[in-house]
Structure formats: structure tokens, C-alpha cells
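This report takes up the architecture of a two-chain model, moving from local backbone features to helices, sheet and contacts. What deserves a careful look when the coordinates are opened?

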Amino acid sequence: MSRRRYGLLFALIMAMFVSPPIVGAGPVSGYAFLDESTQAMQDDEFENPGMMTVERGAELFHELREAEEYRCADCHGEDGAKLDPEAIARYPVFDPNLGGLVTLQKRLNYCWEIHLDRFPLMPGDRELTALETFVRHRARGVPVNIRTDGEMAPLLTEGEVLYNTRFGQLGMSCRHCHLQHQGQMLRGQRLSQGQSNGFPEYRLGSGRITSLQQRIGECFVSFRAEPFEPGSRELDLLELYVGSRGNGLPIETPAVRF
Amino acid sequence: MLGRSLKRAVMAIGVMVVLPSASAGPPVGDGFCTWEATGFAIEQPLCGLQGDPERGRALAADQNGGNCLACHRLPIPEESFHGTVGPPLDGVGARYTAGQIRLRIVDEQQVNPFSIMPGFYRDPMLGNRVADDYWGKTMLDAQQVEDLVAYLVNLK
């Protein structure tokens, strides 16, 4: 073997270890993968169809039901003025008092059940998603800031394993599209990094607001796998891991996507 | 109680007797033909079938067929969107033999374990959390794989 060939072999082997699989460094919001008109639609509060859901969430937030003592707004301020946007950007959080990993939907549902004394909503329920959309919208522009150390570290490892696990008849994992092949075209669609900073998001295809866990369910259906239930441990772990990949990205809720 | 456990035991023995014969020669079960890869190729056509390049070309573009275009560029100019996830397949017949192409369609992950490409005719018992409607089935049937091989090997 000539010296030149050894050089090539050496370069190849080094490339395997040195070059990261990601093109460009750092997280990129799905916003960057949109065409300009869709970006403009998201940016305009009147054009953005997701704002309807923010308003629906606001209604629920201020609603005093018959024979009830409290509204969300009684504790958290009119229009959620007392909600801390920095705290919203930290979800999912680890709270031992609430059984460990708590997504924002779960946190809202605890409040709904314990403080408002209502029947808890089903995970993925439209009202719960509307409330989540309203609350997250309060933190628009705040960088995602999910904790990754302490008790979160082993949970993130579990989430990462799920992220890298092949599922379904197609035998694909999240990683394949959103890490290995991000930026490539799947027929007419550009594969994004699969970041979650815009969720719940308005989908132009279905005309619906969609929570992150519902969106992951759609991916499972498309690779012909049995989806996990919204609110399941698996989806909570994926929500945590996917969210932490996007630490530093500004919250865009409600984002507009295809 | 005893009756039920006896029934289970008989069934278990039945399964044990059936299973080894299922891994023997083609075709078995729901028509899945076992195949063997040697030297990164499957030399024998699946189930001994003959492929048709015209049908293969149609399958490559069909979203409910092979849907090769989702990820690969192909010389099919009437379709406007060709994916870029996988390598372009123009001239693939000049680079690979029929047997090498067959293995890459059947189970690309035997060539590259990190590949995103689904195995279109891999052992259907290997799936993880496959939806009920697709459980135990291959993505394409043997004839479809052979049609695609016949089409692709002629792209020179």
C-alpha cells in the first residue's frame, strides 16, 4: 500500500472520530427550515392560527366554573402576569413532590385537580393542550433552559436511549431523521432537527394545534410502530431529552409548521 | 385449571416442533422466503422469482410501493420531488451487481448498521413495537423486491 493510501485511510479514520455527525454546530429551530411566508405567518400575532388556541387557553385560565372557589388567574395573575417565564422555560422539571419527572402538561393537570378541585384531564386533552399553549406563549422568546444534571442526568440517558431506538416496521429512530439526516430532503420536505421550542405548534397540514407528544406519536405512526400513550413514561422521557437538545433556543409557542 | 395448563403445554410443544422447520427452506409462513447474504450480496432471487424492470420503475416512484424517491434521486424526470437522504441511484447498476442491490433493498442494515434505510424484506419477526396492521409482514413482497432489482440493475 502506497504512502498516499495510508494517508487517505488515516484521514478517513480520523474523520470518523473527529467530525461530529451534525452539520453546523448547536441547535437550530424548525423556524429556520421554513419558507419566508410561513415564518411571516408565525411572527404575526393576527395571522398565526395558533393564537386561536392561546385565546382558548386564556379563557380556561380565567374561567370560574359554577360552585368553584378559584380560577387559575387568582393565583397566577390576570393574563398569567405572575407566571415566571424563566420557570416555564425550565419544563420538564424534576419535582420529587410530584413523583419525579413533571412535564408542563402534568404540572397544569396537578393544579387543575388539586387547586381547582376538578377531575384531572386526560394527557393530550384539547383543553390541557390549550392551557399549555397559553402558558408557554407567556414565555415566548425566553431560551429553553432544561436542567441536565443531578436527578435529571439518568433520566436524560433513558430518554436518549429511546431517541436512538429503532421502532416499527420501518425500523427507524428519532436520531436517523433529526440528527443523522437533518437538512436533507425527504421527497419535498426538509428534515429539521426536530426541536421542541415551538410546541404546542399549529400544523398547516392538519389545521390543528399539536402537542410535542402528539407529534412524536405521528412519527411513530409513519414508521408503522405502535405509538406510546400521551403522558406515558416513555413520551415524558422523550419530551425531556428532545427539549434538552434545544436548550438555548427561544420559545416560539405557538409555532407554525407543516 | 389442569385442563388449561395441559392445553398450554401441548401448544408450547407444538410451537417448538413448528419453529425449527419454519427457518428451513422457502417459502414458509405468510410466504416469507428466507434468504442468505454472502459477501454483502444475496445472489439468489427471492423465492426464485423473475423481476420486471417496468413494474420496478413504477414501484420506485409509488408512495405506497417502494417509495425509493422519498430518499433517493432516480432518473424518473416526471416526478418532481426526489429525496436527498440516501445517495443518488443514477448508474447504480454500473456500481453494484444484482446480488449486491438485492441485499441493499432487502436489509441495508447488514451493510451499514447505522443506516436509516428500512429493510424492505428483512425477517418480519425482528421488528420492535411494530403496529398491529404490519406485524409479521415485510414492507415489500418478494416479487416487488425482484422487480426493483431488475429495474435498478439496468441503470447504467
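The place of Phe40(B) is in the loop that runs between helix 1 (2-22) and helix 2 (53-61) of chain B. The model is a predicted one, and in it Phe40(B) has a positive phi of about 55° although it is not a glycine. Phe40(B) is also exposed, since 12 other C-beta atoms lie within 10 Å and 12 or fewer is the cut-off for that class.

The chain around Phe40(B) is helical in its regular elements: chain B has 5 helices and 0 strands, and from the N terminus on its elements run α-α-α-α-α. Of the 156 residues of chain B, 33% count as buried. Among the contacts in chain B between residues at least 6 apart in sequence, 53% join residues at least 24 apart.

**Backbone features of chain A**

In chain A, Arg187(A) likewise has a positive phi, of about 50°, although it is not a glycine. Arg187(A) is placed in the loop between strand 3 and strand 4 of chain A, and it counts as partly exposed because it has 16 C-beta neighbours inside 10 Å. Two cis peptide bonds are set out in the table, with the loop that holds the proline in each case.

| Cis peptide bond | Omega | Loop that holds the proline |
|---|---|---|
| Tyr91(A) and Pro92(A) | about -5° | between helix 5 (85-88) and strand 1 of chain A |
| Phe199(A) and Pro200(A) | about -15° | between strand 4 (189-190) and strand 5 of chain A |

**Two domains of chain A**

The domain assignment of chain A gives domain 1 (51-137) and domain 2 (146-257), and the centres of these two domains, taken over C-alpha atoms, are separated by 22 Å. Their contact takes 17 residues from domain 1 of chain A and 19 residues from domain 2 of chain A. On the side of domain 1 that touches domain 2, helix 3 (51-62), strand 1 (93-95) and helix 7 (126-137) of chain A each supply at least two residues, and helix 7 of chain A gives the most, with 5 residues. By residue class, that side of domain 1 divides into 8 nonpolar, 6 polar and 3 charged residues.

Helix 3 of chain A, one of the contributors to that side, has 12 residues and reaches 16 Å from its first C-alpha to its last, which is close to the 16 Å expected at 1.5 Å a residue. Which residues of helix 3 of chain A are buried? They are Thr53(A), Val54(A), Gly57(A), Ala58(A) and Phe61(A), and because they cover an arc of only 150° around the axis, they lie on the same side of helix 3 of chain A. An α-helix has 3.6 residues a turn, so residues three or four places apart point the same way. The buried residues of helix 3 of chain A pack against helix 4 (72-76), helix 7 and strand 6 (208-210) of chain A.

**The open sheet**

Strand 6 of chain A also belongs to an open sheet of 3 strands in the order 6-5-7 (chain A), in which the pairing is mixed. Strand 6 and strand 7 (256-257) of chain A stand at the edges of this sheet, each with a single partner strand, so one side of each is left without a neighbour in the sheet. Strand 5 (residues 201-203) of chain A is joined by 2 bridges to strand 7 of chain A, and these two strands run parallel; Tyr202(A) stands opposite Val256(A) in strand 7 of chain A.

Tyr202(A) can also be set against Glu151(A): the two are 51 residues apart along the chain, and their C-alpha atoms are separated by 33 Å. Glu151(A) lies in the loop between helix 7 and helix 8 (152-163) of chain A, and it is exposed, with 12 other C-beta atoms within 10 Å.

**Contact between the chains**

The contact between the chains takes 18 residues from chain A and 17 residues from chain B. The elements that give two or more residues to the side of chain A that touches chain B are helix 9 (174-180) and strand 3 (185-186) of chain A, and the residues of that side divide into 6 nonpolar, 8 polar and 4 charged. Strand 3 of chain A also bounds the loop in which Arg187(A) has its place.

Note on methods. Residues numbered from 1 in each chain as written. Chains lettered and ligands numbered in written order. Predicted model: local features only at pLDDT ≥ 70, side-chain atom pairs only at ≥ 80, totals over all residues. Helix = DSSP H or I, 4+ residues; strand = E, 2+ residues; numbered from the N terminus. Buried ≥ 20, exposed ≤ 12 C-beta atoms within 10 Å, placed from the backbone. Contact = placed C-beta atoms within 7 Å. Domains from an automatic or database assignment. Nonpolar A, V, L, I, M, F, W, Y, C, P; charged D, E, K, R; others polar. Expected span 1.5 Å × (residues − 1). Arc of directions from axis to C-beta. Pairing = 2+ DSSP bridges.
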